[in-house]
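Hi everyone, thanks for making the time. I'd like to walk you through one structure today, so please pull it up alongside me.

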Amino acid sequence: MNATSLSLENTSQQSPDKWDERFIRLAKEVATWSKDPSRKIGCVAVKNRRVLATGYNGLPKGIPDSPDILDNRELKYKLVVHGEMNCIYNAAANGASLEGSTVYVTTLPVCSECAKGLIQSGVSRVVMATELPIPDKWVESFELTKTMFQQCGIDYSFIDLT
Ligand SMILES: [Zn+2]
């Protein structure tokens, strides 16, 4: 399966909702906080137009952002916390429930590991602004995400701000 075979059905790319556009822009800002030299992911969880939590991809707190890790792809993948999971953890640290929230994610589609976290946190809607084409290594993971989201009744869509 290659990147171009991924279909973006159920998209709402024609005229994004004003608030969806605002929050995905906020998620893009949050993404810039990441120190990952290759990809910066931003995530914002929202309910009733209020931000509950934010997250970006990075190493666990206390682990230095050293080139030894960030430039070592294999090690980095083992240690890095995805933006979506950091958003969930930050919400937990602040005592904020994500039940019924909408989550905005930039750059890459939600991987199957983060999809499980979002499902278990009670997130009901996911809006993604994804760079295209989606890199091959994420396509298979996202296929699993789509299946889980559909089975769990999570509304997901893509937004294109370009
Ligand atoms: Zn992930």
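I'll go through the sheet, then a hairpin turn, then a helix and a cis peptide bond.

One thing to keep in mind throughout: this is a predicted model.

Let's begin with the sheet. In what order do its strands run? The sheet is open, has five strands and mixed pairing, and the order is β2-β1-β3-β4-β5. At the edges stand β2 and β5, each with a single partner strand, so one side of each has no neighbour in the sheet. From one strand to the next, the twist averages 15°.

Now let's take the pairings in turn. β1 and β2 run antiparallel and are joined by six bridges. If you'd like a residue pair to click on, alanine 45 has alanine 53 in β2 as its bridge partner. β1 also pairs with β3, residues 102–107, again in the antiparallel sense, over four bridges. There, valine 46 has threonine 102 in β3 as its bridge partner. The pairing of β3 with β4 is parallel, over six bridges, and valine 103 is matched with valine 126 in β4. Helix α4, residues 83–93, packs on the sheet and touches β1, β2 and β3. The direction of α4 makes about 130° with that of β2.

Let's stay with β1 for a moment. How many of the six residues of β1 are buried? Five of the six are, so β1 is largely enclosed by the rest of the structure. If you are colouring side chains, recall that in a regular strand they alternate between the two faces of the sheet.

Next, the turn. β1 and β2 form a hairpin with two residues between them. Those of you who like Ramachandran plots will enjoy this one. Most residues other than glycine have a negative phi. Asparagine 48, however, is not a glycine and has a positive phi of about 50°. Asparagine 48 sits in the loop between β1 (42–47) and β2 (50–56). Arginine 49 lies in the loop between β1 and β2 too, and its phi is positive as well, near 65°.

Are these two loop residues buried or exposed? Asparagine 48 has 8 other C-beta atoms within 10 Å, and the cut-off for exposed is 12 or fewer, so asparagine 48 is exposed. Arginine 49 has 9 C-beta neighbours inside 10 Å, so arginine 49 counts as exposed too.

On to helix α6, residues 136–151. Here is a quick sanity check on its geometry. At 1.5 Å a residue, the 16 residues of α6 should span 22 Å, and the end C-alpha atoms are 24 Å apart, which agrees. Which residues of α6 are buried? Phe142, Thr145 and Phe149 are. And what covers the buried residues of α6? The cover includes α5 (112–120), β4 and β5 (155–158). Just after α6, glycine 153 takes a positive phi of about 70°.

Finally, the stretch leading into that helix. Most peptide bonds are trans. Leucine 132 and proline 133, though, are joined by a cis peptide bond, with omega about 0°. Where is proline 133? Proline 133 lies in the loop between β4 (125–130) and α6.

That's my tour, and thanks for listening!

Conventions
Residues are numbered from 1 along each chain as its sequence is written. This is a predicted model: local features need pLDDT of at least 70, side-chain atom pairs count only at pLDDT 80 or more; totals for chains, interfaces and linings use all residues. A residue is buried if 20 or more other C-beta atoms lie within 10 Å of its own, exposed if 12 or fewer, and partly exposed in between; C-beta atoms are placed from the backbone. Two strands pair if DSSP finds at least two bridges between them. The expected span of a helix is 1.5 Å times one less than its number of residues. Two residues are in contact if their C-beta atoms, placed from the backbone, lie within 7 Å. Axes are lines fitted to C-alpha atoms, for helices over the stretch in contact, and angles run from 0 to 180 degrees between N-to-C directions.
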